[in-house]
Amino acid sequence: MAKYGKGLNIEIVKAVNRGEIPERFNRMDIRGLVTRKGWSPPPPDTYINATLSNAATDAHSPTVKNYFVSVNNGYYELRDQYKRPKSISELTIGKTVDNETLCNIFKCSHQGEMRRALNTNSLVLISDHTTGIYDDLWDGQVLNYTGMGLIGDQDINFMQNKTLKESGNNNVELHLLEIYIDKKYIYRGKVKLNGEPYQDQQYDQNENYRKVWIFPLSLIETSDFKLDDSIIEKNLLLKEKKVMKLTDKQLWLRAKKNMSKNRTVTSSSTVYYRDPVISELAKRLADGVCQLCEENGPFKDKADRYFLETHHINWLANGGKDTIDNTIALCPNCHRKMHIINDIRDVKKLKALTRIFSK
């Protein structure tokens, strides 16, 4: 059977949200959609009926997403989680939207990470975890949000930095969205300043060290929303690929800047933030050789480097720091050994090496 667009179920969801077919639809509505799309050969009615009914029940297959709800007399509707919100009141915490939907809801610009929306009296704050190596980081329940300005020192009175600074008095609503996977905006809810903004130092787009303003934000509404662990892991892999392009000097400068306080991400389990800069630097210092058994990694990766994993000698779960003097590169076998046996002699050997590396 031919594939229709990105899959008939997905195309139906998109068509409902775009207003191309009614919110309550049946087989004939789908037949009309197929005709307008010009898909050939068109699917038979039996295929359309099966597509609708299979995606409206848990009994068919665990691999088929339940996009629809069967209403009556052959009619279906989208399940709530697949409906595109049309207003701020319909935007629930944890909802994922695209940029177009975001702009339609808030009546804001399509670009930027701080978007002032006059029509809805809102300031939309976007924390994009896909674009940079260092980004906004959660410290418990507080997000340390970097202000506006990509090059040079930031000015706290510049445009939306000022709006955010004065948000306690200007009655502007602050709405936070995060991006962990490209072009997918996760709504986290309304936020407020949790303390005074403070200055920090980061690299700008031109790789120059500069002063930035950090705005500590906390969520106003509590919810049980948690990120899926797979999203965190995908995001970490994305950052690891980016740091591989840095020079040794750039890595060392960033590693020295690394904050020693550990951070966690609220997900379906406790995920400790692992600085990709520290991880990459540990692997480069090892140069493909496991620092415990002193053998090359078991195979070469796509970058033609012997595969090694990074290990925190004093585990993060036990309060260990994500710093170069607590991070070492091991082969997968020795890595497992350290997590299962953690022999004190091995620990002493690895600590001695990190003391040498961190000088």
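This is a walk through the structure above, from its nonpolar cores out to a loop. Please keep in mind that the model is predicted.

Let's begin inside. The largest nonpolar core has 21 residues, and the members that touch the most others are Leu125, Tyr145, Leu164, Tyr180 and Leu217. At least two residues of this core come from each of the following elements: strand 5 (122-128), strand 7 (142-146), strand 8 (173-181), strand 9 (184-193), strand 11 (209-219) and helix 7 (229-243). Tyr145 is a good residue to click on. Leaving aside residues up to four places away in sequence, Tyr145 touches Glu113, Met114, Leu125, Ile126, Ser127, Asp136, Leu164, Trp213, Ile214, Phe215 and Leu217. Apart from this core lies another, of 20 residues, including Val13, Ile21, Ile30 and Ala55. As background, nonpolar side chains tend to be buried together in soluble globular proteins.

Now follow strand 8, one of the contributors to the largest core. Seven of its nine residues are buried, so strand 8 is largely enclosed by the rest of the structure. Strand 8 pairs with strand 5 in the parallel sense over seven bridges, and there Ser122 has Glu173 of strand 8 as its bridge partner. With strand 9, strand 8 pairs in the antiparallel sense, again over seven bridges; here Glu178 is partnered by Ile186 of strand 9. Strands 8 and 9 form a hairpin with two residues between them, and Lys183 in the turn has a positive phi of about 70 degrees.

Helix 8 (residues 248-257) is a nice case of sidedness. Its buried residues include Leu251, Arg254 and Ala255. Why do these three belong to one side? They cover an arc of only 105 degrees around the axis, which puts them on the same side of helix 8. The face turned away from that buried side carries the exposed residues Lys249 and Lys256. The buried residues of helix 8 pack against strand 10 (198-203), helix 7 and helix 9 (276-286). Arg254 also lies over the face of Tyr203, 4.1 Å from the ring centre. A second arrangement of this kind involves Lys300, which lies over the face of Tyr306 at 5.1 Å from the ring centre.

That brings us to the aromatic rings. The structure holds six aromatic pairs. In one of them, the centres of the Tyr67 and Phe68 rings are 6.1 Å apart and the planes are at 45 degrees, so the pair is tilted. Tyr67 and Phe68 are both buried. Phe299 and Phe307, by contrast, form a stacked pair, with 5.0 Å centre to centre and 10 degrees between the planes. Phe299 counts as partly exposed because its relative accessibility is 43%, and Phe307 counts as partly exposed at 25%. Ring pairs also link Phe25, Tyr67, Phe68, Tyr76 and Tyr82 into a cluster.

We finish at Glu23, which lies in the loop between helix 1 (8-17) and helix 2 (27-37). Is Glu23 buried or exposed? With 53% relative accessibility, Glu23 counts as exposed. Glu23 nevertheless has contacts further along the chain: leaving out residues up to four places away in sequence, Glu23 touches Val16, Tyr76, Glu77, Leu78 and Lys86. Glu23 and Leu78 are 55 residues apart along the chain, and their C-alpha atoms are separated by 7.4 Å.

Note on methods. Residues are numbered from 1 along each chain as its sequence is written. This is a predicted model: local features need pLDDT of at least 70, side-chain atom pairs count only at pLDDT 80 or more; totals for chains, interfaces and linings use all residues. Side-chain values use heavy atoms; hydrogens and water are left out. A nonpolar core is a set of buried Ala, Val, Leu, Ile, Met, Phe, Trp, Tyr and Cys residues joined through side-chain atoms within 4.5 Å. Buried means under 20% relative accessible area, exposed over 50%, partly exposed in between (1.4 Å probe, protein chains only). Helices (H or I, at least four residues) and strands (E, at least two) are DSSP runs, numbered from the N terminus. Contact means heavy atoms within 4.5 Å. Rings of Phe, Tyr and Trp (its six-membered ring) pair if their centres lie within 6.5 Å; planes under 30 degrees apart count as stacked, over 60 as edge-to-face and the rest as tilted. A charge sits over a ring if NZ of Lys or CZ of Arg is within 6 Å of the ring centre and within 35 degrees of the ring normal. The arc is that of the directions from the helix axis to the C-beta atoms. Two strands pair if DSSP finds at least two bridges between them.
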